[in-house]
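Open the model in your viewer and switch to a cartoon view. Then follow the stops below, one selection at a time.

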Amino acid sequence: MKLHDRCQKVTGMIRVIRDAGIYPYFRPISRSWGTEVECAGKRLVMIGSNDYLGLSHDARVKEASAQAIYRMGTGPGGSRFLSGNMVLHQTLEERLAAFVGKKRAVLHVTGFSTNLGALGCLLTPSDYVLCDRENHASIFAGLGGTKRMGTFAHNDAPSAARKIASEMGKPDFDGQVLLITEGIFSMSGDVAVMDELAELKKQYPDMLLYLDDAHGLGVLGANGRGTAEHFGVTEQTDFIMGTFSKAFASIGGFVASDHTDVLDYIQHQSRTQIFSAALPAACTTAALTCIDILEAEPERVERLRANTRRMRQGYKDIGLRFSESIAPIIPITIGSDEKAFMFAQELFERGIFALPAIYPAVPRGQALIRTACMSTHEDRQMDFVLEVMDEMARKYRIRIQDQDGDQPEGEGAQASSTIPGARSSQSLL
Ligand SMILES: Cc1ncc(COP(=O)(O)O)c(C=O)c1O
């Protein structure tokens with residue numbers, strides 16, 4: 001298919017949604033107060049942000065970042081390998097490693113580039129990599145040319161065990177198994193069964209476990225140390241990957257491990273590390289300050305948990321459909337893509353910022369509105385969201401009690417998407 005024809009398939013769909021006045025993406029925000037934003041001249045309550053602890057607007061994080069700019073400048077001036085390495089980077093690596101309970105950490109400029117660079121270093125053609133089928137797009141991207149790759153049913157350790165046994169039973173298998181999962185799944189808010197996955201190491205001691213804890217860091221575990229800490233399996237988790245673009249109020253990513261030689265290798269071989277500029281001082285300092293705050297103020301994480309419980313209970317009382325979890329990500333099932341677009345548009349008009357996820361990011365007919373709690377959400381903001389949701393849930397007939405007349409559409413609507421990684425924002429349209 002020619003390039004223009006290929007583009008047409010997507011741009012044509014975008015045009016239809018725009019013409020209908022319900023296109024929700026790339027909304028330009030002109031001002032942010034964290035839990036509220038200004039967009040198209042309206043002030044809205046933000047319930048779609050990954051800034052779970054609200055630290056992007058913490059005065060100490062902002063001041064420290066500003067001071068870092070005055071001391072080090074706005075840009076890094078090069079890759080860390082060459083002229084851009086800073087004492088700040090090394091300090092942050094040490095603090096991160098200690099924070100997640102590992103010996104060493106290596107920074108990258110984003111979470112996406114961490115997965116891309118690190119995974120590219122970890123695998124040889126004889127290894128077998130096994131992914132939860134709902135893993136994030138950056139994980140699948142990092143596995144690019146991998147020959148031996150499989151997926152297991154979402155959050156299903158017995159399914160993973162069967163795949164490992166089958167692959168290891170092949171006469172030509174002489175590599176290592178790398179199992180990759182997210183800590184909190186970015187779309188569904190499901191928490192990985194890390195205890196069960198770590199247990200597989202008893203049966204397969206050579207298996208390496210890689211945890212993408214983008215959404216678990218700052219959220220789960222003591223002082224927000226993450227999903228491995230939450231389950232008490234930090235030691236069994238070989239690689240803990242994290243990003244600063246969620247609870248750490250910045251951008252940047254890292255991979256931490258006790259395999260210090262492997263991290264040395266990643267530092268010198270990761271293409272996204274060597275051939276990309278270093279993390280600027282302001283971003284590095286923001287993440288460092290977040291660690292200071294997390295260590296000193298566990299109540300922030302507690303407050304996030306309390307707000308999450310409150311919103312989950314509120315949504316439940318309304319009769320909304322969402323999966324059980326302890327995560328601050330609460331995706332509300334709406335139904336068809338069109339309905340989700342209309343729902344998001346009306347939320348916007350009524351003063352709430354939250355975005356829809358449609359097929360193939362979710363199974364057909366199960367489009368959702370992804371909501372997320374923040375520890376800085378105030379009672380009045382949560383009450384407002386619940387009040388609007390209650391009215392709209394009745395109007396759009398999305399409550400469990402409305403279900404009879406409004407089943408999810410499409411054949412096999414309850415089945416999982418058949419595209420590995422598609423449910424993890426591989427593509428939104
Ligand atoms: C699970 C997961 N991994 C990795 C990433 C990439 O992180 P970043 O935004 O820092 O590039 C994301 C971001 O959405 C994510 O949700």
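## Stop 1: a cavity without charge

The lining of the second largest cavity divides into six nonpolar residues, two polar ones and no charged ones. Keep in mind that this model is predicted. Now select the lining: Ile47, Met311, Tyr315, Ile330, Thr371, Ala372, Cys373 and His377. The volume of this second largest cavity is about 40 Å³. Which elements each supply at least two residues of its lining? They are α13 and β14. Both elements come back at the next stop.

## Stop 2: the three-stranded sheet

Colour the strands β11, β14 and β13. They form an open sheet in the order β11-β14-β13, with antiparallel pairing. Select residues 329-335 for β11 and 355-357 for β13. These two strands stand at the edges, and each has a single partner strand, so one side of each is left without a neighbour in the sheet. From one strand to the next, the twist averages 35°.

Go on to β14, residues 367-372. Three bridges join β14 to β13, and the two run antiparallel. For one pair to display, pick Ala357: its bridge partner in β14 is Leu368.

Now add helix α13, residues 298-318. The helix lies across β11 and β14. Relative to β11, α13 runs at about 20°.

## Stop 3: the seven-stranded sheet

Hide the previous selection and turn to another sheet. This one is open, has seven strands and follows the order β4-β10-β9-β8-β7-β5-β6. Its pairing is mixed. Which strands stand at the edges? They are β4 and β6, the latter at residues 149-152. Each has a single partner strand, so one side of each is left without a neighbour in the sheet. On average, neighbouring strands here are turned by 20° against each other, direction ignored.

Zoom in on β8 (residues 208-212) and β9 (residues 239-243). Three bridges join them, and they run parallel. Click Leu211 to follow one pairing across: its partner in β9 is Ile240.

Two helices deserve a look here. Select α7, residues 157-168. This helix packs on the sheet and touches β5 (128-132), β6 and β7 (177-182). The direction of α7 makes about 165° with that of β5. Then select α10, residues 260-269. Helix α10 also packs on the sheet, touching β4, β9 and β10 (253-257). Its direction makes about 20° with that of β4.

## Stop 4: the largest cavity

Stay with β4 and add α11. These elements, β4 at 104-108 and α11 at 271-274, each supply at least two residues of the largest cavity's lining. Show the full lining as sticks: Arg80, Leu107, His108, Val109, Thr272, Gln273, Ser276, Ala277, Ala278 and Leu279. How do these residues divide by class? Five are nonpolar, four polar and one charged. The volume of the largest cavity is about 60 Å³. In total, the structure holds four cavities of 30 Å³ or more.

## Stop 5: the annotated span

Finally, select residues 45-387. An unreviewed UniProt entry annotates this span as "domain: Aminotransferase class I/classII large". Mark the C-alpha atoms at its two ends: they lie 13 Å apart. By secondary structure, the span is 44% helix and 16% strand.

Methods
Residues numbered from 1 in each chain as written. Predicted model: local features only at pLDDT ≥ 70, side-chain atom pairs only at ≥ 80, totals over all residues. Heavy atoms only, no water. Pairing = 2+ DSSP bridges. Helix = DSSP H or I, 4+ residues; strand = E, 2+ residues; numbered from the N terminus. Axes fitted to C-alpha atoms, helices over the stretch in contact; angles between N-to-C directions. Contact = heavy atoms within 4.5 Å. 1 Å grid on protein atoms, 1.4 Å probe; cavity = no way out; pocket = protein on both sides within 12 Å on 5 of 7 lines; lining within 4 Å. Points joined across faces, edges and corners; volume = space filled by probe spheres on them. Nonpolar A, V, L, I, M, F, W, Y, C, P; charged D, E, K, R; others polar. UniProt positions renumbered as here; feature names shortened; annotations may be inferred.
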